Amino acid sequence: MAQGIPDEVLMNTELIKDLVDVAKDAALLQGVLMRIQETPNSSELVTYAPFTLFPSPVPKTVFLQALALQTHYNTLVDKISQDPDFLQEALASTIAVDDFTAKLFRIHKQILKEGRSQSIVLGLNRSDYMLDQREDGSSSLKQIEINTIAASFGGLSSRTPDVHRHVLKVAGRLEESQRILDNNPAFGLTAALAKAWELYGSERAVVMFLVEETQRNIFDHRYIEHELWKRNITTMRKQFEDVCKTGSLDQDKRLFVDGREVAVVYFRNVFFLFSGFEFTHLAGTKKVQQVLARPGVLEKFFPDQPQVVEQIRATFAGLYTLDLGAEGDKTVTMALAAPDRFVLKPQREGGGNNIYGSEICQVLEGVKDSTERTAYILMDKICPWPVQNYLLRRDAPLKISNCLSELGIFGAYVRHGKDMVMNECVGHLLRTKSSEHSDGGVAAGVAVLDNPLLV
Ligand code: ADP
Ligand code: MG
Ligand code: MG
């Protein structure tokens, strides 16, 4: 097991009880907040966003490896989203059976057809990884997926480092507390947004947050709003129905809501850049991930950079097609023979959709002889060593759990025509869950916020 928090601390029940109180207060003081489930649209009663009592060990080399990759991933996503032929070919079998992907593809084509009045592209990505740790002691960074339009928890995760530092100091672990890095994804994401807003070129234009009916995670958004206001960029929050009532497009396709020109729309963790909008979502589908892992495909996107290809490919887990044909048949046979070694993934986002273990056999037996199977891809299961920790959640009983962590790296880029005017790695997000759960993120109530403790 990686050297994390020693047992003398983890098993000291009295100390843990004290630390839990200290930790919750620290989270409230630092603003690691969420509204409560009962009143998701009021800030009268708020609580801490779920988090781990202690930070989780992450090898420093692996952490640096993930950071170093991010600008290349930004470039890759950007290149893919500008390559309709590649997307068409990669997604052909999936589009045929998966309505959701098919709809996205139609939107993508429509946007390309209508053409863009100015091509300012804003890309916010988060590449997620887990550590594959084997019995022989080896440990390697493997990509779980790339989220091409992901900014959630960029705000709260900039406040969690101070919470863990404080907890460790109170626990008498000063040295460990110094191994927690600063993190400020909200700042970097906002810098990209501000750059795009500036290129849009209207000082009066605002950034609109298109919000859902239930707004529990509002504080995470507020960090980004505040960062924008600090740069004197006006933001407004609107529900979809407000936009329907008071929104209009002028002849240049500029959006006005409530009489105000809107430069950028933020929706469900997605920023749409008005009038420079490019649809990068397809580049982050699981099918594209599987196609990218095929021999020769990365080379196409980085023709003169074999070392970049190698760096990216080193983080790919085994990914297998379920397209009809001999190769897909082989995947089926392999999965049925050892389902515990794999994860079966449909083209969905947001956690809770993947299929594991014996259920893989049930699902594959049902679809293996039809085109339906092409809606899925198969992936090697990544197995990190579990680490003991306490997951702190409102009203949940305190108990020690075996935990698994997933490291996300935020990237942001802005392209103006052919010029990349910004391409940066802007921060990280560590999410940790109990090993009983095979799937699910923070929003799904399974994972909680965490910080890497570099070891
Ligand atoms: P989503 O877009 O729904 O977040 P993911 O591919 O991230 O889809 O899968 C959801 C969760 O399932 C991940 O956060 C991770 O906990 C788990 N998971 C996904 N792929 C693997 C894998 N190859 N090995 C182990 N766990 C995985
Ligand atoms: Mg995802
Ligand atoms: Mg995910």
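Which residue in β8 is the bridge partner of L210? It is K238. I start there because that pair sits in a part of the fold I want to walk through, and this is a predicted model.Let me take the strands around that pair. Strand β7 covers residues 206–211 and β8 covers residues 235–239; the two run parallel and are joined over five bridges. Getting from β7 to β8, the chain passes through helix α9, residues 218–230, and this β-α-β crossover is right-handed. Another pair in β7 and β8 is F209, which stands opposite R237.

β7 also pairs with β11, residues 260–267, again in the parallel sense and over five bridges. There, M208 has V265 in β11 as its bridge partner.

Next, helix α8. This helix runs over residues 185–200, 16 residues in total, and spans 23 Å from its first C-alpha to its last, close to the 22 Å expected at 1.5 Å a residue. Is α8 mostly covered or mostly open? Mostly covered: twelve of its 16 residues are buried. Among them are P185, G188, T190, W197 and Y200. Just after the helix, G201 takes a positive phi of about 85°.

α8 matters to the next item, the nonpolar core. The largest one has 111 residues, and those with the most contacts inside it are A192, L193, A196, W197 and V207. The element that gives the most to this core is α8, with nine residues.

Now to the other sheet on my list. It is open, has four strands in the order β13-β16-β14-β15, and its pairing is antiparallel. Which strands stand at the edges? They are β13, residues 319–320, and β15, residues 355–356; each has a single partner strand, so one side of each has no neighbour in the sheet. The partner of β13 is β16, residues 376–380, and the two pair in the antiparallel sense over two bridges. Within that pairing, L319 has M379 in β16 as its bridge partner.

Between β14 and β15 there is a loop, and G351 is found in it. Why is G351 classed as partly exposed? The count of other C-beta atoms within 10 Å of G351 is 17, and a residue is called buried at 20 or more and exposed at 12 or fewer, so G351 falls in between. As for its place relative to the core, G351 and A192 are 159 residues apart along the chain, and their C-alpha atoms are separated by 27 Å.

Last, ligand 1. Of the 19 residues around ligand 1, those that come nearest are E145, E349, K381, I382 and D439. By class, the shell has six nonpolar, five polar and eight charged residues. Which strands each supply at least two residues of this shell? They are β5, residues 120–133, β6, residues 139–147, and β14, residues 342–346. β14 is also one of the strands in the antiparallel sheet I just described.

That is where I stop; questions are welcome.

Note on methods: Residues numbered from 1 in each chain as written. Chains lettered and ligands numbered in written order. Predicted model: local features only at pLDDT ≥ 70, side-chain atom pairs only at ≥ 80, totals over all residues. Pairing = 2+ DSSP bridges. Near = placed C-beta within 6 Å. Nonpolar A, V, L, I, M, F, W, Y, C, P; charged D, E, K, R; others polar. Expected span 1.5 Å × (residues − 1). Core = buried A, V, L, I, M, F, W, Y, C linked by C-beta atoms within 7 Å. Right-handed = clockwise from strand over helix to strand, strands pointing away.
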